[in-house]
Amino acid sequence: KNSHYEVCGRGSSLWVDEHCIERCTCNSSNCHPMAYSTCMVSGDPHYRTFDGHHYSFQGTCVYQMAGVCTNNKALEHFDVLVQNDCRGKKAGSSTKLVEVVVYGHTIIISKEHKGLLTNLPVKLLKGKVQVYLSGGFAVIHTDFGVKVSYDWHSTSFVTIPHTYSGAMCGMCGNYNFKLNDDMQMKNGKQAATPEELGQSWRVAEIPGCVHGCKDKNHCPNCDITQKENFETNEFCGKIRDPKGPFRNCHAKVDPSSFFDDCVYDVCLNNGNKNTLCSSLQTYTAACQQKGAEVFAWRSKDFCEFKHPANSHYKICANGCPSTCNSMSAPTSCKTLCQEGWACDAGFILSGDQCVPLSQCGCLYNDRYYKNGQVFHPNGLCQEECTCNGKVNCVKFSCGPHETCEVKNGVRDCQAVGKGVCTISGDPHYKTFDNSLYDFQGTCTYTAAQGCYLEGTRLNPFSVVVENEKWYAMSNHPKVSVAKLVAVEVYGNTLVLRKNQAGMIMVSISFDCMTNAHILFLCLIN
C-alpha cells in the first residue's frame, strides 16, 4: 500500500519518499540512500557546520565558507565564499554577499550590484546549474547535488551530498562526521578561537574590514538582566516554547542553539524587533529545510512580511513556484515549501514581480527578460534588443565617447570621461571647455542644458541658476552671487537654495518647469 515500483539504471538516482528528503542512488545490485548535510550561517554570524559544530564569528572580510579540498577527480570542485558586513551596527556583523564558483562560472547573490544582473530563474551550461527563487531565498542548484541558498539578508545554507564527506574545507568544516575537529585551519591545525579560524580562511580583504574579536574579553556581550528579558516568550522564547509555532520542529531541529543565538543577537541590538524577526525567520527556514511544519507566527503588528504587489504571504509557499519562464512548477525541482510569498490568482512570477500572464516577458538565449526590458545580448553592444511579447533586435553601436560595460548590474554604453563647468564667487564661470569669464547679472539664467538631442540616446536635462546681489560684501554691492540652483531631469525638478544646507526641494509638477521663481512657489505650496 502507498508504494510503487520504479526501474532505475546503474548510477541513476530517485527520491524514495513523498517529501523528497531521502534520495537513493542505484549501483549494480541495489539502491542505497544518498545522505545530505547542510551548513548554515545566520545572524551575527553564527555558524553550524556540516558535522553540527556551532560557533560565532564576526569578521567582516571575505571568507571561504565551503570548498572542495581534495585531488579526487571524481568530485566536481566548487567554492562558496561569504562577505560579511557590520551594516552600520556598533557590534556584530552579518552576511552581505554569497559567491559561488562552479564549472568556471561565478554567481553572486547580493543586495548590491556586482556584475551583470540576471532575472530568475536561469539555467547555465544547459541546465548543469540552475538559479531560482524559493520562498525568500535565491537558490543555486548544481547537477551534482550541491545547493546554496541565501535570503539577501543574513541567512545562507550550503547543502552537499554524502559523496563529499572528508573532502570539504572552510568555515563549514571538513564533513567527516566528527564534531571535535571542525575548527581545522588551512594548514591542517585546529584553531583555538573562531577568530583564528576566520583569519585562516580569509580569501580577500575589504578596506576597513576586521577579523572579529581580539579575544573573549573584547567581544560584545549583554548583562544577565537584559538576557532574561529577551528569553521570554514575548521575544526569543517563541523558538523553544513547547506550545508555540515551532512545536512540531523541535524533534527535527534542536531549538537550543537557535534560541541562544536569538537572545545574543537581540540583546546585542538592544531589543531591536527587526533582529528578533530575523532570528525567528532563520529558525523557520532551518525547520522547513528538514520538512518540519511551522505554524504562523507573523501578524500585521509583529514581523509583517513584505511582499511585492499582486502577491500574498504564505508560511509554507511552494518552493518551486510557477514562473513566466516555465509556466508551471519545475518538475525537476524537489525543494520543500518555504516561508515566503506567492502570486495572487491570475498572476505569475516574472523575475521578482507578479504580473498578469499577458505581461510575461521573453526567453532569449536561455535568459529571461521582463516585458519592456531593453538589453544587449552576447556581452557586446553590437545589438540592442527589446522584449515586447517577443524579442526584437536591431544593430547598435556605442557613441564616440562611450564604452560597452556593466554598470549597476546592467550592460550598456557608458560615458568615458566627463566635462565640468563651475560657477563660483561673484560669479566666475569656467565652461566645460575651460573658458573663463565673469558675469554679475542678478536674474535667472540657464547654466547648462542638453541641446540637439533628437535622434540620440542622451537624456534631456537643464540646470538653472538664479543670482542675487551679494549684500555680504557691502551695503551697495556691485557683484552678485548664486541664490539657488534648479535641476530638471526625468520629469522632476530639484532645487538647492542658499543658506539651506542639507535640504533639497523636489517637485514632480510639470506646471513648475518654466522658471525658478514659479518653481519655488510650486514647491512651497
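How many bridges pair β7 and β8, and in which sense? In this predicted model, the two strands run antiparallel and are held together over five bridges. Picking out one position in that ladder, Tyr 63 has Val 82 of β8 as its bridge partner. On to the next strand along: β8 is also joined to β9 (residues 94-102), this time through eight bridges and again in the antiparallel sense. Here Val 80 sits opposite Val 100 of β9. As for β8 itself (residues 78-85), six of its eight residues are buried, so the strand is largely enclosed by the rest of the structure.

Stepping back for the overall picture, the protein has five helices and 36 strands. Of its 525 residues, 41% are buried. Contacts were also sorted by sequence separation: among those with a separation of 6 or more, 46% link residues 24 or more positions apart.

Next come the nonpolar cores. In soluble globular proteins, nonpolar side chains tend to be buried together. In this model the largest nonpolar core has 51 residues, and the members touching the most other members are Phe 50, Phe 78, Ile 160, Tyr 164 and Met 168. Strand β7 (residues 62-68) is the top contributor to this core, giving four residues. Apart from this core lies another one, of 32 residues, which includes Met 40, Leu 280, Ala 292 and Ile 315. Back in the 51-residue core, Tyr 164 is worth a look for its neighbours. Leaving out residues up to four places away in sequence, Tyr 164 touches Val 68, Leu 75, Glu 76, Phe 78, Phe 144, Val 146 and Tyr 175.

Now for the helices. Two packed helices are described by the angle between their axes and the distance between the axes. For α3 (residues 255-268) and α4 (residues 273-289), the axes come within 9 Å and cross at roughly 165°. With an angle over 145° counting as roughly antiparallel, α3 and α4 are therefore roughly antiparallel to each other. The crossing of α3 past α4 is right-handed. On the α3 side, the contact is made by Pro 255, Phe 258, Cys 262, Asp 265 and Val 266, while α4 brings in Thr 275, Leu 276, Ser 279, Thr 282, Tyr 283 and Ala 286.

Further along the chain there is an open sheet of five strands, ordered β32-β33-β34-β35-β36 and paired antiparallel. Its edges are β32 (444-449) and β36 (505-507); each has a single partner strand, so one side of each is left without a neighbour in the sheet. Ignoring direction, neighbouring strands of this sheet are turned by 25° against each other on average. Within the sheet, β34 (residues 480-489) and β35 (residues 492-497) pair over six antiparallel bridges, and Leu 484 has Arg 497 of β35 as its bridge partner. The loop between β32 and β33 (461-469) holds Leu 453. Despite the loop setting, Leu 453 has a relative accessibility of 19% and so counts as buried, the cut-off being under 20%. Not counting residues up to four places away in sequence, Leu 453 touches Leu 458, Asn 459 and Pro 460.

A hairpin turns up elsewhere, built from β20 and β21 with two residues between them. Strands β20 (residues 347-350) and β21 (residues 353-356) pair antiparallel over four bridges, and Ser 350 is partnered with Gln 353 of β21. In the turn, Gly 351 takes a positive phi of about 65°.

Finally, a few backbone oddities. Two asparagines have positive phi without being glycine: Asn 378, at about 65°, and Asn 434, near 70°. Asn 378 is found in the loop between β24 (374-375) and β25 (383-388), where its relative accessible area of 60% makes it exposed. Asn 434 belongs to the loop between β30 (428-430) and β31 (436-438). There is also a cis peptide bond, between Leu 120 and Pro 121, with omega of about 0°. Pro 121 is located in the loop that links β10 (105-110) to β11 (122-124).

Key. Residues numbered from 1 in each chain as written. Predicted model: local features only at pLDDT ≥ 70, side-chain atom pairs only at ≥ 80, totals over all residues. Heavy atoms only, no water. Pairing = 2+ DSSP bridges. Core = buried A, V, L, I, M, F, W, Y, C linked by side-chain atoms within 4.5 Å. Buried < 20%, exposed > 50% of the residue type's maximum accessible area, 1.4 Å probe, protein only. Contact = heavy atoms within 4.5 Å. Axes fitted to C-alpha atoms, helices over the stretch in contact; angles between N-to-C directions. Parallel < 35°, antiparallel > 145°, perpendicular 65-115°, else oblique. Left-handed = near helix turned anticlockwise from the far one by under 90°.
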